[in-house]
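Here are my notes on the model you sent, set out as numbered points. They take the ligand before turning to the salt bridges.

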Amino acid sequence: MQIEKRKSDDKTACIVLKKCGGCQKLHLSYEQQLKEKQKLAESLLNKFHKADPIIGMDNPYHYRNKVHAVFDRDRKGNIISGVYEPGTHRVVLVENCLIEDQRADAIIYSIRGMLKSFKIKTYDEDTGYGLFRHVLIRTGYTSGEIMVILVLGSPILPSKNNFIKALLKLHPEITTIILNINNKRTSMVLSDKEQAIYGKGYIEDSLCGKIFRISPKSFYQVNPVQTEILYGKAIELADLTGNETVIDAYCGIGTIGIIASNHVKRVIGVELNRDAVRDAITNAKRNQVKNVDFYNRDAGEFMGQLAASNEAVDVVFMDPPRAGSDEKLLNSLCILKPKKVVYISCNPVTLERDLKFMVKKGYQVKRVVPVDMFPGTGCVECIIMMTYCGQNRK
Ligand code: SAH
């Protein structure tokens, strides 16, 4: 693996490193970052099994395909956009982020200029006055498609058609523009009120040879280069024969299940977010995958029902959010007793907690594979392969 070295004075390359707080490790060389992540994974997980060496990136910059900017005014009244300073509602101006897709940063920069020329006011969180709150951009790595979501505090964007025209003139690479109306005083960026004002309202991207539709509120891994490695490794570790019934728990838009579908008999995916499940069902059709079913349910409750009806499940892929899984799901898993569980985690602390539970119930950890999904940041992603070694089901 070739690692691009950062020069010692490169620490200043990100001028908001401290204020932004998004990249806790960017002051280190990439080699050093990987060493620290390896150490963290080992300190929490080596008690279950020795961790493999972390899989890093060749070029650990500008990988983020999802970019969020909050809009505000500085003390002089200039429009600024960027991120909240951690723990505050002060906006830190971000011009050039080292981990974000540069196409997205260029669009955000243009929008800042356009707000001035269109005389559009930014939203004031304290008073609720003003209009323009956030921009969220999602980019397709292989497709090149770009979605721009404009989040407003009230429904009317003045001179909407001219605004769209001007934005597309500056950035013809944009494939869809969405208005999202969020008038709540909340830290959630997107509300349920959305309307496509240009293009199809979603983007598509491909991963591991399959095409995926991604709607504004659906989860999609933020680092597309490493995601192919992550999924490829997870499926390899499951060592599938073609006869298995597989569960894809916390399936998002169905990526893991659809990619694994060629290698198994049947996939059952479960996901809480309604938009993501809708994408997953469309994605199965789009890729002509016929052995996959998706359910819009809480994963724990759904697995509880499968356990109660004594369903035969051979392999479970599970990829929960940072909070990890819950006892309902883990208990059901230990009743279903799939031979193999592949747990993908973006938080080794909750992963350790969940593994302790499963090991007590008869699972053994056979592999620990850290993959660097978030260069520059302190986040550590791991794939765990477990097999059931306890008593068989009666
Ligand atoms: N496996 C997918 C998504 C992983 S992110 C991928 O790699 O793209 C975690 C997903 O879990 C999100 O889509 C989130 O909406 C979903 N989720 C969160 N809580 C859940 C729950 N209780 N039951 C089912 N899905 C849940």
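**Ligand surroundings and salt bridges**

1. In this predicted model, the ligand is surrounded by 16 residues, of which the closest are Tyr231, Glu271, Asp298, Ala299 and Asp319. By character, the shell around the ligand divides into eight nonpolar, four polar and four charged residues.

2. Several polar atoms of the protein can be paired with atoms of the ligand. The side chain of tyrosine 231 has an N or O atom 2.5 Å from an oxygen atom of the ligand, while aspartate 298 places a polar side-chain atom 2.9 Å from a ligand nitrogen. Alanine 299 takes part through its backbone, with an N or O atom lying 2.8 Å from a nitrogen atom of the ligand. The ligand taken alone exposes 570 Å², and the protein buries 87% of that area.

3. Turning to charged side chains, the count of salt bridges comes to 22, and one of these joins glutamate 36 to lysine 25, with the closest N and O atoms 2.7 Å apart. Glutamate 36 belongs to helix α2 (residues 30-45), whereas lysine 25 sits in the loop between α1 (17-20) and α2, so this pair ties together parts that are 11 residues apart in sequence. Are the two partners buried or exposed? Glutamate 36 is partly exposed, at a relative accessible area of 28%, and lysine 25 is also partly exposed, at 22%; the cut-off for calling a residue buried is under 20%.

4. A further salt bridge links glutamate 85 with arginine 90, and here the closest N and O atoms are 3.3 Å apart.

5. Which parts of the chain does the salt bridge between aspartate 275 and lysine 217 tie together? The side chains of these two residues meet at 3.6 Å, N to O. Aspartate 275 lies in helix α7 (residues 274-286) and lysine 217 in the loop between β9 (210-214) and α5 (224-238), so the contact connects parts that are 58 residues apart in sequence. Aspartate 275 has a relative accessibility of 10% and therefore counts as buried. This pair also belongs to a wider arrangement, in which salt bridges with shared partners join Asp192, Glu194, Lys217, Arg274, Asp275 and Arg278 into one network.

Methods:
Residues are numbered from 1 along each chain as its sequence is written. This is a predicted model: local features need pLDDT of at least 70, side-chain atom pairs count only at pLDDT 80 or more; totals for chains, interfaces and linings use all residues. Side-chain values use heavy atoms; hydrogens and water are left out. A salt bridge is a side-chain nitrogen of Lys or Arg within 4 Å of a carboxyl oxygen of Asp or Glu. Helices (H or I, at least four residues) and strands (E, at least two) are DSSP runs, numbered from the N terminus. Buried means under 20% relative accessible area, exposed over 50%, partly exposed in between (1.4 Å probe, protein chains only). A residue is near a molecule or strand if one of its heavy atoms lies within 4 Å of it. A polar contact is a pair of N or O atoms within 3.5 Å; within protein, one must be able to donate a hydrogen and the other to accept it, and residues adjacent in sequence count only if both atoms are side-chain atoms. Accessible areas come from the Shrake-Rupley method with a 1.4 Å probe; for residues, only the protein chains shown count as cover. Ala, Val, Leu, Ile, Met, Phe, Trp, Tyr, Cys and Pro count as nonpolar, Asp, Glu, Lys and Arg as charged, and the others, Gly among them, as polar.
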